[in-house]
Amino acid sequence: MTSREPRAESRDRETTGSRVPASPEALRNPQWKTSGASPWQDAFRRLRRNRLAMLGMGILLCFVLAALLAPWIAPYPFDRTNLPYGAKPPTPTHLLGTDELGRDLFTRILYGARISFAVGILATLVSLTIGVTYGSIAGSAGGRADHLMMRVVDILYGLPFMFFVIILMVIFGRNILNLFVALGAVQWLTMARIVRGQVLSLKAREFVLSALAIGVSPARLLVRHVLPNALGPIVVYATLTVPAVMLEEAFLSFLGLGVQPPMASWGSLASEGSAAMETYPWLILFPGLALTVTLLSLNFLGDGLRDALDPQITAHYWA
Amino acid sequence: MPIFWLGLMLAWFFGVVLGWLPTGFRLGTEVTLVPVTNFYILDSLLARNPAALASSLRHLILPAVALSTIPMAVIARMTRASLLEVLSQDYIRTAESKGLPQQAVILRHAMRNALLPVMTVTGLQVGRLLAGAILTETIFSWPGIGLWIFESIQARDYPIVQGATLFIATIFVMVNLITDVLYAAVDPRIKYD
């Protein structure tokens, strides 16, 4: 996924849309609070018109709900084996068939969804935390510190990060917590660049100057005034990070470095299925299908969000 | 789409269901070939052995398709975006108003300028290809560094994983360095002092 630095024009709208508060009680509220709702509602309206994005969102909601409710809707316990039954193709009692140990594949996919979504979301949170912190420090420090910090990002960019995850997993051991951290730790680079760019351009704006003039501390300025205005690109990029991370989790699980049995993620299910592909093709078909549909939905939603929050880029590049 | 799933589905559909193509390995057992360079296509050409050439080419198709599809999609998307931007430039309108055929305008005037960002992305795709090679080689039983890494991970032979990773990282960095240097060759406006 190539990500682009958001253009400056896109942000102008967010603040020009704000009305100057006239009444005294409105003046007491920080400006971004009163003006923030309008562009977001605007974006949501644009998003709702995007059929693909809404379809993706609907599918995702179903999957996430199914994953959350897995213990209640799953027909069998996820680790219940039935050796005499063995691997059978889909039947009405086992909707998606069973594996060699007689475990119900539908149940395993439901529980796998929990792991896959958890990895996707938590690793994205890790990358969000590192990226936003790093980017906003670089952007607000400016000068030599900014230069140095961005060169570090450039250098890290020049390295194949998938192999870093492999090394991290190999060194720190194969547990699920390391998986979140390792995946998040290599995904923050683009986020840091985006946030830095946003902070740099927002820093030059009048509302930041006026906040400085009334003596707001630098940390508070960043957290309360600058970052909320950079939220659009951050949200868009975070949405696009989730599928990337899920894909990497599947990759690692396929290599045997990810989730360990008896737990299952979609990647490890597909990996187990691939061993017996010629005799039991459904074992690889359904986990892979679930993963592909989810990734596609997330990408549609991410692209839709980008279009909604940043219509000028859309018109030019993605029309 | 995850690359291992694509590879497995290709192998399953074309190899198992249709039976058109082999699902793994580099050469059929029905042909014999004395390895010289160990590049089987070169070897079969050197030995003037058409059966071995056909067999090694047939064994290449599925892994090649599986590995190349995703980078191809990324590069195609980048080319489209870049070309669209270039096509809105003034000099394109100038070229069109001179009455040049559209093909010449696109190929000679627009494509050349649109290729710069595409080159960067292509260089970055090499990293993806190398990571994808781990999966592709594993699925199609090709004895390369990727399969070696996979087997070392399975066997917990971590010095090999680290060494192979370092090697691949070096290749990736070199490729990106070459892409940067090629910039100057493609675009005479860029000079490195």
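**Notebook: chain A and its partner chain B**

I began with the secondary structure of chain A, which comes to 16 helices and zero strands. I keep in mind throughout that this is a predicted model.

**Chain A as a whole.** I looked up how much of the chain is covered, and found that 48% of the 319 residues of chain A count as buried. The surface that chain A exposes is about 15100 Å², with 67% of it supplied by carbon and sulfur atoms. I then turned to contacts within chain A between residues at least 6 apart in sequence, and noted that 74% of these join residues at least 24 apart.

**One residue, Ala70(A).** I picked Ala70(A), which lies in helix H6 of chain A, a helix covering residues 70–73. Is Ala70(A) buried or exposed? Its relative accessible area is 0%, and because buried means under 20%, I entered Ala70(A) as buried. When I left aside the neighbours within four places in sequence, I found Ala70(A) in contact with Leu110(A), Tyr111(A) and Arg114(A). I also checked Gly256(A), which is 186 residues from Ala70(A) along the chain, and the C-alpha atoms of the two are separated by 24 Å.

**Where chain B meets chain A.** My next entry concerns the two chains together: 40 residues of chain B are in contact with 39 residues of chain A. The area buried between chain B and chain A is about 3400 Å², and carbon and sulfur atoms give 75% of that area. Which residues of chain B lose the most area to chain A? I noted Phe4(B), Trp5(B) and Arg77(B), which together account for 18% of what that side buries.

**Polar and charged links.** I looked for salt bridges between chain B and chain A and the count is one. Asp303(A) forms a salt bridge with Arg77(B), and I recorded 3.9 Å between the closest N and O atoms. For polar contact between chain B and chain A, the count is one residue pair, with both residues at pLDDT 80 or more.

**Elements on the chain B side.** I listed the elements of chain B that give two or more residues to the side touching chain A, and they are helix H1 (3–17), helix H3 (50–87), helix H5 (102–139), helix H6 (145–154) and helix H7 (158–186). H7(B) gives the most to that side of chain B, with nine residues. Sorting the side of chain B that touches chain A by class, I entered 28 nonpolar, seven polar and five charged residues.

Technical notes. Residues numbered from 1 in each chain as written. Chains lettered and ligands numbered in written order. Predicted model: local features only at pLDDT ≥ 70, side-chain atom pairs only at ≥ 80, totals over all residues. Heavy atoms only, no water. Helix = DSSP H or I, 4+ residues; strand = E, 2+ residues; numbered from the N terminus. Buried < 20%, exposed > 50% of the residue type's maximum accessible area, 1.4 Å probe, protein only. Contact = heavy atoms within 4.5 Å. Areas by Shrake-Rupley, 256 points an atom, 1.4 Å probe, with all protein chains shown as cover. Buried area = accessible area lost by both parts, 1.4 Å probe. Salt bridge = Lys/Arg side-chain N within 4 Å of Asp/Glu carboxyl O. Polar contact = N/O pair within 3.5 Å; in protein donor to acceptor, adjacent residues only side chain to side chain. Nonpolar A, V, L, I, M, F, W, Y, C, P; charged D, E, K, R; others polar.
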